[in-house]
Amino acid sequence: MRRTAEAVEEEKRKLPLFKTEEAKGKFAFSLFSSSILVGICLIWAYRLSNLPTAGDRGRWLWIGMFFAELGFGFYWILTQALRWNLVRYYPLKFNLSQSSYKLPGVDIFVCTADPTVEPPTLVINTVLSAMSLNHPTEKLSVYLSDDGGSQLTFYALLEASCFSKLWIPFCKKFNVEPRSPDAYFTHNDLHEHTADAQQRLFIKEQYEDMIKRIEAVINKGSVPEELKNQHKGFSEWDSNVTKQNHQPIVQIIIDGRDTNAVDSDGCRLPTLVYMAREKRPDCLHHFKAGAMNALIRVSSEISNSAIILNLDCDMYANNAGSIKEALCFFMDEERGHQIAFVQHPQKYNNVTKNDLYGNSSPVLHKVELPGIGGYGSAIYCGTGCFHRRTSLCGTKYSEEHKGFWNSETRKDDNRTVHELEEASKVLASCGFEKGTQWGKEMGLIYGCPVEDVVTGLAIQCRGWKSVYYNPDNAAFIGVAPPTLDIALVQFTRWSDGMFQIFLSKYCPFIYGHKKIKLGAQMGYCGYLLWAPSSLPLLYYAIVLPFSLFRGIPLFPDIRSRWFIPFAYVFVSKNIYSIAEALIFGSTFKAWWNLQRMWVHRRTTSFFFAFIDCIVRQLGLSQTTFTVTAKVVTDDVSKMYQQEIMNFGSTSIMFTVISTLAMLNLFSLIGVVVKEFVGGLECKDMEKLVSQVVLCGLMVTVNGPVYEALIVRKDKGSMPGSVMVKSIVLASLACLIP
Ligand SMILES: O=c1ccn([C@@H]2O[C@H](COP(=O)(O)OP(=O)(O)O[C@H]3O[C@H](CO)[C@@H](O)[C@H](O)[C@H]3O)[C@@H](O)[C@H]2O)c(=O)[nH]1
Ligand SMILES: [Mn+2]
């Protein structure tokens, strides 16, 4: 019997569009982690059963050790959840091309905040890469939100819109990757003499000319009159416009409905919109979350696509097919309707071989984040994330979302560009959100420096699932912090914001109770508790050298049986961590660098964030957002490329890092001296071995710090004032009776 065409269609539609794979070795892992758990419990038992008697000088230090180890232990238990349920996702693009679905529209949001730390040339590379992604152009719209409200950025975007007429057809013809012109031309030599090469060279020259024009304008500081006359949009920038104070600006630079808006091959161009939402000094703007919400509303007026991709201004598209892959997840007949967002890892193009500042750990991308994704609760990381518009806007999950793609979402209105712009301005004004649910139940949530994590959690608690997808060919690539200073400030913002979530009504254990899986709640808390996780480490980093210097033992004698759990937990945990890192593609040195970064992060960023967060809980300060600098001077960049740590600033964080390093060094030297001079008896030494080893490790991991303090004389060395402060503070700590 011949099947009807309809039946064939129906069958194709049933083809799965993605598959999942569970990681192997779960059983072995649970055995191993149970053994560590037993070790941890024994450590706790040792602390409780061997408490020094009242009056003993080590008693309080001992109690502190108990609490620190309680902290380490509980924190370790939380992080285990990330490894119990590792699931990997694979889209099946071929099946999508077989199916009869109409592809939904995609709106891409790019956010920028400041033309000095985020140069317009960087921003337009991201915009150009987004515009040239493989997707029918009449269903693609790119929106740039400019929180800097800068005419320089607007000018650069106009230039980009012209260049896109060459760039998009060029990308599609030669299947260019990455789709950011800057990244493409930097990584591809153009020395061949074929006809193709001619064209590449031509595009390259056009690109370089454009960048020169933009840089000339940036160096001038404002757009010259003759250029301003070429676009009506510049009339928005009168003398009263400043970054913090201006009317809403919405300019539709390319109207995708316009059949005359075509590239050099005569193909239609995607829609391109510039938006600077209204800013007033007396009106909270809620940083990136506010910008995203304005984008959601403005785009709903103009293109209203069902899928939203959100990118930070430095995250260019590397893989041209990423939209199709994401659609596989959303459009799967069986499970697609449950998925609210698909998160890609944050990868960087400036990570060096041994990842000096631990910016991009393979274990994070290949184990921990997919691990929480395994519970259907992948964390929203703020960039490189495809969202379903309805779930981002606050809708609760329901079965009804099945197959919504076939309904056309684009508003089929005949309004002129001017009318659309005017309607959009209302949506991007300060007053619009007053008395609405925006920032609470709708859109991104306000009041938290990590708007992304809390928003993702809220979406999951409304019943949706999310996917963490880490393809081999990275979809989006950004800029990692190239100095220690910038990296630590970024971690301060993150850990501060995340601890704030833990203390708020969104605490996963309460808000997520019965809504997301227990493993996911634990996994979330592993991150949300970064800030307080600083306390046990700080305690160790201060009290161990302090007590070692005075010969107060805090660990069991190496001949005692109690020594075994300590040694087992410490050694096996670290061997596991090294093995895991090596298996997933780190070098040993990268692992070691990451350990150093964890020490630095915990003792500075996380601790400061802990304090900041408590102060804010008391109502004594307000949420802030320090934008991460994305460009540095050439010598700073060179130092980074050579993997030399850069301490060249007087940040208070560096004083803390140096003081701890000095304290540990002094006490280690002190013990060695005493041992030789004979101040300590051999019997004491055996009780102090653990402390000597731990202080010794702390000194080893801090190698680059001593170098920067004592040996180096270059720009990245520790400033003299920091050295003096650290030596004074560390000596004082040693001298306290
Ligand atoms: O008032 C603001 C502040 C920032 N941004 C934009 O937000 C993005 C992220 O800022 P960045 O300084 O690069 O922060 P990162 O630490 O790199 O960002 C990570 O962490 C943030 C939360 O802390 C998330 O929002 C980001 O998506 C995530 O990449 C950038 O495109 C900014 O232009 C705004 O649009 N408005
Ligand atoms: Mn960033």
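Helix H16 gives the most to the shell around ligand 1, contributing three residues. Keep in mind as you read that this is a predicted model. Two places are worth a look here: the surroundings of ligand 1, where the protein covers 97% of the 680 Å² of accessible area that the ligand has on its own, and a nonpolar patch on the surface with about 420 Å² of accessible area together.

**Who surrounds ligand 1**

- There are 24 residues around ligand 1, and those that come nearest are Asp 147, Lys 288, Asp 312, Glu 451 and Thr 628.
- By character, the shell divides into ten nonpolar, eight charged and six polar residues.
- Besides helix H16 (484–503), the elements that each supply at least two residues of this shell are strand E3 (106–112), helix H10 (287–302) and helix H15 (451–461).

**Polar atoms facing the ligand**

- On the nitrogen side of things, a nitrogen atom of ligand 1 sits 2.6 Å from an N or O atom in the side chain of Asp 147.
- The side chain of Gln 346 also takes part, with an N or O atom 2.9 Å from an oxygen atom of ligand 1.
- Gly 382 uses its backbone instead: one of its backbone N or O atoms is 3.1 Å from an oxygen atom of ligand 1.
- With the protein in place, 97% of the ligand's own 680 Å² of accessible area is covered.

**A closer look at strand E3**

- Strand E3, one of the elements that supply at least two residues of the ligand shell, includes Thr 112.
- Is Thr 112 buried or exposed? Its relative accessibility is 3%, so Thr 112 counts as buried, the cut-off for that label being under 20%.
- The side chain of Thr 112 is joined to that of Glu 118 by a polar contact of 2.8 Å.

**The nonpolar patch on the surface**

- Five residues named together make up this patch: Phe 570, Val 571, Ile 575, Val 693 and Leu 697.
- Which elements give two or more residues to the patch? They are helix H20 (563–583) and helix H24 (682–701).
- Helix H20 gives the most to the patch, with three residues.
- Leu 697 belongs to helix H24.
- Leu 697 counts as partly exposed because its relative accessibility is 34%, which falls between the 20% limit for buried and the 50% limit for exposed.

Terms used: Residues numbered from 1 in each chain as written. Chains lettered and ligands numbered in written order. Predicted model: local features only at pLDDT ≥ 70, side-chain atom pairs only at ≥ 80, totals over all residues. Heavy atoms only, no water. Patch = residues over 30% accessible without salt bridge, like charges linked within 9 Å, V, L, I, M, F, W, Y side chains within 5 Å. Areas by Shrake-Rupley, 256 points an atom, 1.4 Å probe, with all protein chains shown as cover. Salt bridge = Lys/Arg side-chain N within 4 Å of Asp/Glu carboxyl O. Helix = DSSP H or I, 4+ residues; strand = E, 2+ residues; numbered from the N terminus. Buried < 20%, exposed > 50% of the residue type's maximum accessible area, 1.4 Å probe, protein only. Near = heavy atom within 4 Å. Polar contact = N/O pair within 3.5 Å; in protein donor to acceptor, adjacent residues only side chain to side chain. Nonpolar A, V, L, I, M, F, W, Y, C, P; charged D, E, K, R; others polar.
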